[in-house]
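Please walk through this structure with attention to its aromatic side chains and to one of its sheets.

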Amino acid sequence: MKERIFDMKNNIKLWAVFFGITALIPAIVTGCTDNSGDGIDSVLWEGSRNPENTKFRNPVWEPSLEAGTLVKGPSMYAAVSAATQWSKGITKICPTLTSTNLMSWTPGNDALTTPPTWAEGRVNSLSIDYARAVTGATYWMFYTLEGSNAIAVASANTAAGPYTDRGSFINAGDVGSTTIQHPFFIVVSTSYYLCYTVDDGTYMQRITLNRVNGVNKHGAAVKIAGPAFKDVAIVRISGSRFYLLGTVDNGTSKEIRYAMGTKIIGPYKDKAGVELTAGSSTGELLITSGDDIVNPENPMRGFTNDAGTHLFIGYNATQANKSNMTSGYLRRPFFITPFEMGADGWFTTSVKAAKGWTSPRFN
């Protein structure tokens with residue numbers, strides 16, 4: 001009887017091993033997850049094909065990074081939002097996020113610890129860049145306040161702050177306009193440039209920075225785009241290739257378009273060679289509304305991957321059925337989209353804003 005029980009136990013073990021091996025064979029040979037969305041549900045196994053190993057998920061931050069900015073420091077990336085309320089009744093003055101890979105973000109402190117006192121209104125747009133040559137104030141923020149036609153400045157020693165507010169720098173009257181908005185600050189080596197949009201288009205002003213003396217104009221402003229092309233960002237690919245990104249209205253919706261220049265001050269031209277300042281050009285289409293994610297806007301900044309094949313651009317967009325948070329503030333999630341760069345410098349295709357898995361990952 002003991003021998004029979006022993007044999008039965010051995011048989012059970014043998015059958016368990018047999019079924020375990022046969023169950024593993026399909027997993028070794030094929031995978032059944034359609035990661036690419038192309039309908040292929042069985043492919044030859046060549047290692048892990050989990051989405052998170054090759055792709056990332058958009059939006060990279062919710063619920064909102066309204067009118068945000070994106071900057072790269074020596075060791076990490078930082079993103080900063082306009083003043084907002086992620087939770088009803090809890091106002092955050094320019095909340096910050098940090099990341100080492102552009103894909104995963106960690107919330108931190110507010111960039112400004114107290115509201116600016118030079119005028120009333122919340123911070124509703126801003127731009128930050130890293131000015132490593134300015135000892136004692138390596139990060140500079142240019143921002144606007146809702147209801148005030150002026151651009152102010154603040155500085156800090158870290159991308160996430162806290163920033164020391166330096167007050168108003170330039171107002172609409174200074175540039176002969178009734179409005180001034182959408183500041184974008186960019187550092188090219190040891191040269192500093194501030195872009196802003198006024199009544200008749202977007203201008204670039206070269207500036208100087210000093211920890212003690214603050215900001216001063218350097219020369220005259222240069223017009224780089226007409227009034228239809230606004231809310232701009234500039235990406236430097238090389239010493240002779242620059243992309244000017246901007247938000248353009250298309251009827252009742254928005255889209256992001258771009259143009260190229262060989263110098264940072266332009267001229268920026270579309271594929272036909274027409275300058276954006278000519279008035280008839282709004283550049284080339286880059287990002288348009290999708291089915292669920294609409295009104296792409298506020299291009300923040302872009303970074304190339306290690307291989308130099310793609311430019312990863314940060315921007316805001318809106319979920320069609322969820323344009324506001326429960327706090328009443330605008331809900332503008334943070335998206336990152338990679339664009340393949342052709343041999344001629346133009347992007348190979350435009351995209352529709354969308355949520356979900358996106359590839360390739362940034363590295």
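**Aromatic rings and an open sheet**

In this predicted model, one aromatic cluster is formed by Tyr243, Tyr258, Phe339, Trp346 and Phe347. A search of the whole structure finds 16 aromatic pairs, and two of these deserve a closer look. A pair of aromatic rings is described by the distance of the centres and by the angle of the planes.

Trp118 and Tyr143 make up a tilted pair, because their ring centres are 6.3 Å apart and their planes stand at 50 degrees, an angle that falls between the cut-offs of under 30 degrees for stacked and over 60 for edge-to-face. Trp118 belongs to the loop between β9 and β10 (123-130), whereas Tyr143 is part of strand β11 (residues 139-145), so that the pair ties together parts lying 25 residues apart in sequence. As for their surroundings, Trp118 counts as partly exposed because its relative accessibility is 24%, while Tyr143, with a relative accessible area of 0%, is buried.

The pair of Tyr315 and Phe335 is stacked, with 5.7 Å from centre to centre and 15 degrees between the planes. Here Tyr315 lies in strand β24 (residues 310-319) and Phe335 in strand β25 (residues 334-340), so this pair ties together parts that are 20 residues apart in sequence. Tyr315 is buried, at a relative accessible area of 1%, and Phe335 is likewise buried, with a relative accessible area of 1%.

We can turn now to the sheet. Strands of a sheet pair through backbone hydrogen bonds, and they may do so in a parallel or an antiparallel manner. In this structure, four strands in the order β4-β5-β8-β9 form an open sheet whose pairing is antiparallel. The edges are taken by β4 (69-72) and β9 (106-110), and because each has a single partner strand, one side of each is left without a neighbour in the sheet. On average, and with direction ignored, neighbouring strands of this sheet are turned by 25 degrees against each other.

How many bridges join strand β8 to β9? Three bridges link strand β8 (residues 95-99) to β9, and the two run antiparallel; on the β8 side, Pro95 has Asp110 in β9 as its bridge partner.

A last contact brings a charged side chain together with a ring: Lys72 lies over the face of Tyr77, at 5.8 Å from the ring centre. Residue 72 also falls within the range of β4 (69-72), one of the strands at the edges of the sheet.

Notes:
Residues are numbered from 1 along each chain as its sequence is written. This is a predicted model: local features need pLDDT of at least 70, side-chain atom pairs count only at pLDDT 80 or more; totals for chains, interfaces and linings use all residues. Side-chain values use heavy atoms; hydrogens and water are left out. Two strands pair if DSSP finds at least two bridges between them. Axes are lines fitted to C-alpha atoms, for helices over the stretch in contact, and angles run from 0 to 180 degrees between N-to-C directions. Rings of Phe, Tyr and Trp (its six-membered ring) pair if their centres lie within 6.5 Å; planes under 30 degrees apart count as stacked, over 60 as edge-to-face and the rest as tilted. Buried means under 20% relative accessible area, exposed over 50%, partly exposed in between (1.4 Å probe, protein chains only). A charge sits over a ring if NZ of Lys or CZ of Arg is within 6 Å of the ring centre and within 35 degrees of the ring normal.
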